[in-house]
Amino acid sequence: MAEDSPMIEVSIPSLEREVDESGKLRKLFRVEILFNGRKHFVLRRHSEFQTLHRKLKKILHPPDFPSKRSTHLRTKPLEQRRQQLEDYIQKFPFVLKVCFLSPLL
């Protein structure tokens, strides 16, 4: 069965650091979206992912959100957090298809 929906790929390939107006260092995740052959990107803080997760929980059952803090020591916590967030957002195309298309099948 061929799918007519557009191709969407999402990744978080890197973490960027930026100094805000008050001089505070902010860590931003670079979210890259490949949509119909065109690449776009946005920079997002961890808290913005948490807000998205809370909103999604009101309308569907998203995957568990990765914890910002770990109970065990990690050698590269920011890189591991980046990977966990990438794994989390990559589940959404499937989750959204199951939630919105399954009643139509």
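**Entry 1: a start in the sheet**

I began with Val19, which stands opposite Leu25 in E2. The model is predicted, and I kept that in mind for every entry below. Next I looked up Glu18, whose bridge partner in E2 is Arg26. I then went through the ladder between E1 and E2 and found 10 bridges, with the two strands running antiparallel.

I checked the turn as well. The hairpin of E1 and E2 has 5 residues between the strands, and Gly23 there takes a positive phi near 90 degrees.

**Entry 2: the whole sheet and the chain**

I listed the elements of the protein chain and got 3 helices and 3 strands. From the N terminus on, I read their order as β-β-β-α-α-α.

The sheet is open, has 3 strands in the order E1-E2-E3, and pairs in antiparallel fashion. Which strands are at the edges? I noted strand E1 (8-19) and strand E3 (38-44), each of which pairs on one side only. For the twist I wrote down an average of 20 degrees from one strand to the next.

Two totals went into the margin. Of the 105 residues in the protein chain, 22% are buried. Among contacts with a separation of 6 or more, 41% come from residues 24 or more positions apart.

**Entry 3: helices against the sheet**

I turned to how the helices lie. H2 lies across E1 and E2, and its run makes about 150 degrees with E1.

I also followed Pro13, which has its place in strand E1. Pro13 has a relative accessible area of 41%, so I entered this residue as partly exposed. Leaving aside neighbours within four places in sequence, I found Pro13 in contact with Arg30, Glu32, Arg82 and Glu86. I took one C-alpha to C-alpha distance here: Pro13 and Gln83 are 8.4 Å apart in space and 70 residues apart in sequence.

**Entry 4: aromatic pairs**

I searched the whole structure for aromatic pairs and got 2. Phe29 and Phe49 form an edge-to-face pair, with 6.1 Å centre to centre and 85 degrees between the planes. What does this pair tie together? Phe29 lies in strand E2 (residues 25-35) and Phe49 in helix H1 (residues 46-59), so the pair links parts that are 20 residues apart in sequence. I checked burial for Phe29 and Phe49, and both are buried.

I then took Phe65 and Tyr88. Their ring centres are 5.1 Å apart and their planes stand at 85 degrees; planes over 60 degrees apart count as edge-to-face, so I entered this pair as edge-to-face. Phe65 lies in the loop between H1 and helix H2 (77-90), and Tyr88 in helix H2, so this pair ties together parts that are 23 residues apart in sequence. I found Tyr88 buried, with a relative accessible area of 2%.

One more ring was looked up, with a charge in place of a second ring. The charged end of Arg30 sits over the ring of Phe41, 3.6 Å from its centre.

**Entry 5: His53**

I noted that His53 lies in helix H1. Is His53 buried or exposed? The relative accessible area of His53 is 11%, and the cut-off for buried is under 20%, so I entered His53 as buried. Apart from neighbours within four places in sequence, His53 is in contact with Pro62, Pro63, Asp64, Phe65 and Tyr88. I marked Phe65 and Tyr88 in that list, since they are the edge-to-face pair from the previous entry.

**Entry 6: the nonpolar core**

I looked for the largest nonpolar core and counted 10 residues in all: Ile12, Phe29, Val31, Phe49, Leu56, Leu60, Leu85, Tyr88, Ile89 and Phe92. E2, H1 and H2 each supply at least two residues of this core. Which element gives the most? I found that H2 does, with 3 residues.

From the core I picked Ile89 and listed its contacts. Without neighbours within four places in sequence, Ile89 is in contact with Val10, Ile12, Val31 and Phe49. Ile12, Val31 and Phe49 are also named in the core.

Key. Residues numbered from 1 in each chain as written. Predicted model: local features only at pLDDT ≥ 70, side-chain atom pairs only at ≥ 80, totals over all residues. Heavy atoms only, no water. Phe/Tyr/Trp six-rings, centres within 6.5 Å; stacked < 30°, edge-to-face > 60°. Helix = DSSP H or I, 4+ residues; strand = E, 2+ residues; numbered from the N terminus. Buried < 20%, exposed > 50% of the residue type's maximum accessible area, 1.4 Å probe, protein only. Lys NZ or Arg CZ within 6 Å of the ring centre and 35° of its normal. Core = buried A, V, L, I, M, F, W, Y, C linked by side-chain atoms within 4.5 Å. Contact = heavy atoms within 4.5 Å. Pairing = 2+ DSSP bridges. Axes fitted to C-alpha atoms, helices over the stretch in contact; angles between N-to-C directions.
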